[in-house]
Amino acid sequence: MADVYEGSGARFTELFGRDASAEEDVKVAEISYTDDQIRNAFRETLKIRGSIKTVQDDNVLMGVALEDHNPVHQLKKYAFRYGLSEVLLMGTFEAGLGERVVQSAVDTLRGNEGLRNLRLVGQKSEFVGFIHPGEELEFVVDKTFTLDEIVAVEITGVVKRKRENVPVINITTKLGGSFPKSEAKYAGTVYSRSFLMHPDKLDAYWTAMRQEPSNNVPNILIDNLVPSAMLAFLRDRTGKIDGINTSMKFDYFQEPKPIRQDESRWYHVDLLRARDPVQTEQGYLYKIRAVCSQDGTLISSGIVNCISRQKIDVS
């Protein structure tokens with residue numbers, strides 16, 4: 001299967017890239033749909049979830065859920081080191097909100113015949129700008145398209161500054177009728193970390209997402225543990241926590257099991273061996289592949305790009 005993410009970062013000004021007058025049924029991987037169904041579902045979702053006022057508590061809640069305590073999201077003096085005037089909103093929070101927008105539209109679409117099995121099977125998040133707590137994050141839909149039995153939706157998160165919409169995150173979500181099978185062969189592990197997810201952490205996540213508590217564990221939540229594992233790897237090697245994510249891209253192979261009020265679950269992240277980081281003006285640029293599992297079962301795999309001023313051996 002071709003990588004639907006490749007070449008999908010181009011900007012589009014139209015709401016949807018396909019011809020709105022072409023209303024024939026499209027059949028993709030056990031699902032079928034029309035343009036109107038997709039368009040109307042996202043329009044209704046954006047009316048409800050399209051704009052969110054962010055606060056510093058979002059960083060606190062995500063830090064609890066993910067065990068991510070990067071000081072660049074907590075203290076101004078660490079933000080200053082990256083040339084910023086304020087702390088940063090966590091990129092994992094932005095990615096989670098974007099996933100919620102798409103999932104809400106998918107929940108609506110599942111009510112249509114031919115779309116009962118529709119689900120998220122992957123997400124790519126590109127952090128193209130900075131957002132600070134207190135700013136309003138708004139999502140807009142750029143385009144939908146199909147490729148190799150996958151429906152892809154591109155959305156952009158923007159903040160309004162000086163009457164202009166400034167993009168801060170580009171998200172490409174892959175939708176399909178079933179999870180793909182992993183055919184990848186993974187390299188050796190350079191670092192591993194396990195995370196215990198219990199109801200309090202899950203409640204913190206759903207609170208940050210502006211949703212009622214749920215037992216469900218979205219794939220994006222497990223993927224968002226990878227940056228936490230990378231920070232732990234850096235801390236173990238250098239004694240410092242220092243880094244900023246630039247992009248994350250994951251494919252989903254199974255839905256995580258829910259967590260009930262009387263139980264907890266372990267999630268495991270393996271960081272795989274990679275090439276040496278590339279030195280840039282901002283620091284060292286790392287490209288790390290990761291594998292996420294639950295109870296020994298593969299949940300997702302993907303690649304995270306990040307920048308840190310610290311250099312470690314990842315080979």
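In which helix is the place of proline 227? The legends below treat a predicted model, and the answer, helix α7, is taken up again in the third of them.

**Figure 1. Overview of the predicted model, with its secondary structure and its burial****.** The protein has seven helices together with 13 strands, and of its 315 residues 53% are buried. Among the contacts with a separation of 6 or more, 74% are made by residues 24 or more positions apart. The accessible surface of the protein amounts to about 14600 Å², and carbon and sulfur atoms account for 47% of that area.

**Figure 2. The largest nonpolar core and a second core apart from it****.** The largest nonpolar core contains 74 residues, and those with the most contacts inside this core are Val226 and Leu271. Helix α4, which covers residues 91–109, supplies the largest share of this core, with eight residues. Once residues up to four places away in sequence are left out, valine 226 touches Phe250, Val269, Leu271, Ala290, Cys292 and Val304. Apart from the largest core lies another one, of six residues, whose members include Ala79, Tyr82, Leu84 and Ile244.

**Figure 3. Helix α7 and the surroundings of proline 227****.** Helix α7 is mostly covered, since 10 of its 14 residues are buried; the buried residues are Leu225, Val226, Pro227, Ser228, Ala229, Met230, Leu231, Ala232, Phe233 and Leu234. At 1.5 Å a residue, the 14 residues of α7 should span 20 Å, and the end C-alpha atoms of this helix are indeed 20 Å apart, so the expected and modelled values agree. Proline 227, whose place is in this helix, has a relative accessible area of 4% and is therefore buried, the cut-off being under 20%. Apart from neighbours within four places in sequence, proline 227 is in contact with Thr92, Asn245 and Met248. Although proline 227 and glycine 91 are 136 residues apart along the chain, their C-alpha atoms are separated by 9.7 Å. Just after α7, glycine 239 adopts a positive phi of about 80 degrees.

**Figure 4. Helix α4 and its enclosure****.** Of the 19 residues of α4, 17 are buried, so this helix is largely enclosed by the rest of the structure. At 1.5 Å a residue, the 19 residues of α4 should span 27 Å, which agrees with the 27 Å between its end C-alpha atoms. Helix α4 is also the element that contributes eight residues, the largest share, to the largest nonpolar core.

**Figure 5. Aromatic pairs, and a charge over a ring****.** A search of the whole structure finds two aromatic pairs. In one of them, tyrosine 191 and phenylalanine 233 have ring centres 4.8 Å apart and ring planes at 25 degrees, and because planes under 30 degrees apart count as stacked, this pair is a stacked one. The pair links distant parts of the chain, with tyrosine 191 in strand β8 (residues 189–197) and phenylalanine 233 in helix α7 (residues 225–238), 42 residues apart. Tyrosine 191 and phenylalanine 233 are both buried. The rings of tyrosine 205 and tryptophan 206 have centres 5.4 Å apart and planes at 70 degrees, so that pair is edge-to-face, the class for angles over 60 degrees. Tyrosine 205 is buried, at a relative accessible area of 0%, and tryptophan 206 likewise counts as buried, at 2% relative accessibility. Elsewhere in this view, the charged end of arginine 193 sits over the ring of phenylalanine 195, at 5.4 Å from the centre of that ring.

**Figure 6. Two loop residues with positive phi, glutamate 67 and arginine 163****.** Most residues other than glycine have a negative phi. Glutamate 67, which is a residue other than glycine, nevertheless has a positive phi near 55 degrees; glutamate 67 lies in the loop between α2 (56–66) and α3 (76–80). With 28% relative accessibility, glutamate 67 counts as partly exposed. Arginine 163, also not a glycine, has a positive phi of about 65 degrees, and its position is in the loop between β6 (150–161) and β7 (164–176). Arginine 163 counts as exposed because its relative accessibility of 81% falls in the class over 50%.

Conventions:
Residues are numbered from 1 along each chain as its sequence is written. This is a predicted model: local features need pLDDT of at least 70, side-chain atom pairs count only at pLDDT 80 or more; totals for chains, interfaces and linings use all residues. Side-chain values use heavy atoms; hydrogens and water are left out. Helices (H or I, at least four residues) and strands (E, at least two) are DSSP runs, numbered from the N terminus. Buried means under 20% relative accessible area, exposed over 50%, partly exposed in between (1.4 Å probe, protein chains only). Contact means heavy atoms within 4.5 Å. Accessible areas come from the Shrake-Rupley method with a 1.4 Å probe; for residues, only the protein chains shown count as cover. A nonpolar core is a set of buried Ala, Val, Leu, Ile, Met, Phe, Trp, Tyr and Cys residues joined through side-chain atoms within 4.5 Å. Rings of Phe, Tyr and Trp (its six-membered ring) pair if their centres lie within 6.5 Å; planes under 30 degrees apart count as stacked, over 60 as edge-to-face and the rest as tilted. A charge sits over a ring if NZ of Lys or CZ of Arg is within 6 Å of the ring centre and within 35 degrees of the ring normal. The expected span of a helix is 1.5 Å times one less than its number of residues.
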